[in-house]
Amino acid sequence: MIQNFPKKIEHCPLIETVLEIRFTSTLLDEAIFGVVYNSIQNEFSSFKPVPQPILQIPLEIRKSDPNIMYQPLYRLENKNLSIGISPKSIIFSNTKEYIGWLSFKEFVQSALDSILKTDVINSVQRIGIRYINIISESLYDATTMQINLGDKVISKKDVTTSRIEKQFDDKISLIYQLNNNVQVSIQGENPKAASMIDIDSVYQDSISKDDFSIHYTEYLELLHNNEKSAFFDLLNKDYLESLKPIY
């Protein structure tokens, strides 16, 4: 296990960083976007509201289908940053190039501090920080991953896709989605063979608005540290060195 994590890697494989906050609200679903947008529009005046395709799906289906109920109805977009808003979630995203954790956290804080002054969030049910990485190497060459079925070790060469959930306790978990040698298209480029390391660091429990307002930066740091540890522990030494880490 790596203890001394790099502060930065020059050849960063990140294509997207996502922070999702799922919440309950006492407001009507139809009112939430307007309240959130009004609370942050001065600070985010350069962000353009973009309706999402999910708006074409009937309201009752959106409310009842767990596969889509947290997807944003609108995104506020500015270059590689966005804020997605749904009646049950707020999603902050940074697509390539990564602006770094401190800058991303400031981006989140500048919006959350305003949103928390409204009546939108009654309680928070789930916080997830997800980092999606694309690498040209196979998982066999880049990681220390080992998969056992009973007493038999399954070769990484034989694994195309795997989903693994690591539970730390009843509230905190890591969800790994690992895809080996798949066709990937990044920002409209032609598809090419690559591997994906997708790790979601999750805190799932009911948090009151007051508790979340006071302590949300602590939750974010906890989840980010778990995410960072999981990613660097997964990489083998040679591949990590090829990314040009800075300590």
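Biologist: How do the residues lining the largest pocket divide into nonpolar, polar and charged?

Modeller: Start by counting classes: this is a predicted model, and the lining of its largest pocket has 11 nonpolar, 4 polar and 7 charged residues. The space inside comes to about 530 Å³.

Biologist: Which residues should I click on to find the centre of that largest pocket?

Modeller: Try Lys7, Lys8, Ile9, Leu14 and Tyr98, which lie nearest the centre among the 22 lining residues.

Biologist: And which helices and strands supply at least two residues each to the lining?

Modeller: Here we move from residues to elements. Two are strands, S1 (8-9) and S7 (123-135), and two are helices, H3 (101-115) and H5 (209-234). Of the elements, H5 gives the most, with 5 residues.

Biologist: H5 has come up, so let's look at its shape. Why does the distance between the end C-alpha atoms of H5 agree with its 26 residues?

Modeller: The check compares an expected span with the one in the model. The expected span is 1.5 Å times one less than the number of residues, so the 26 residues of H5 should cover 38 Å, and the end C-alpha atoms, 35 Å apart, agree with that.

Biologist: Where does H5 bend, and by how much?

Modeller: Look at histidine 215, where the bend is about 70°. An end-to-end check and a bend are worth reading side by side.

Biologist: Let's go on to the second largest pocket. How much space lies in it?

Modeller: About 420 Å³. It is lined by 16 residues, with Val18, Glu20, Arg22, Arg130 and Asp200 closest to the centre.

Biologist: What are the classes in the lining of this second largest pocket?

Modeller: There are 8 charged residues, 6 nonpolar and 2 polar. For the elements, strand S2 (14-24), S7 and strand S11 (172-184) each bring at least two residues, and S7 has the largest share, 5 residues.

Biologist: What about enclosed space: how many cavities of 30 Å³ or more does the structure hold?

Modeller: The structure holds 1. The volume of the largest cavity is about 90 Å³.

Biologist: Which residues line the largest cavity, and which element gives the largest share?

Modeller: The lining includes Asp29, Ile54, Leu59, Arg62, Lys63 and Ile68, along with Met69, Gln71, Leu73, Ser86, Pro87 and Lys88. Helix H2 (residues 59-64) gives the largest share, 3 residues. By class, you will find 6 nonpolar, 4 charged and 2 polar residues around the largest cavity.

Key. Residues are numbered from 1 along each chain as its sequence is written. This is a predicted model: local features need pLDDT of at least 70, side-chain atom pairs count only at pLDDT 80 or more; totals for chains, interfaces and linings use all residues. Side-chain values use heavy atoms; hydrogens and water are left out. On a 1 Å grid over the protein atoms alone, a cavity is a set of points where a 1.4 Å probe fits but cannot get out, and a pocket is an open set with protein on both sides within 12 Å along at least five of seven lines; lining residues have an atom within 4 Å of a point. Grid points are joined across faces, edges and corners, and a volume is the space filled by probe spheres set on the points. Helices (H or I, at least four residues) and strands (E, at least two) are DSSP runs, numbered from the N terminus. Ala, Val, Leu, Ile, Met, Phe, Trp, Tyr, Cys and Pro count as nonpolar, Asp, Glu, Lys and Arg as charged, and the others, Gly among them, as polar. The bend at a residue is the angle between axes fitted to the seven residues ending there and the seven starting there.
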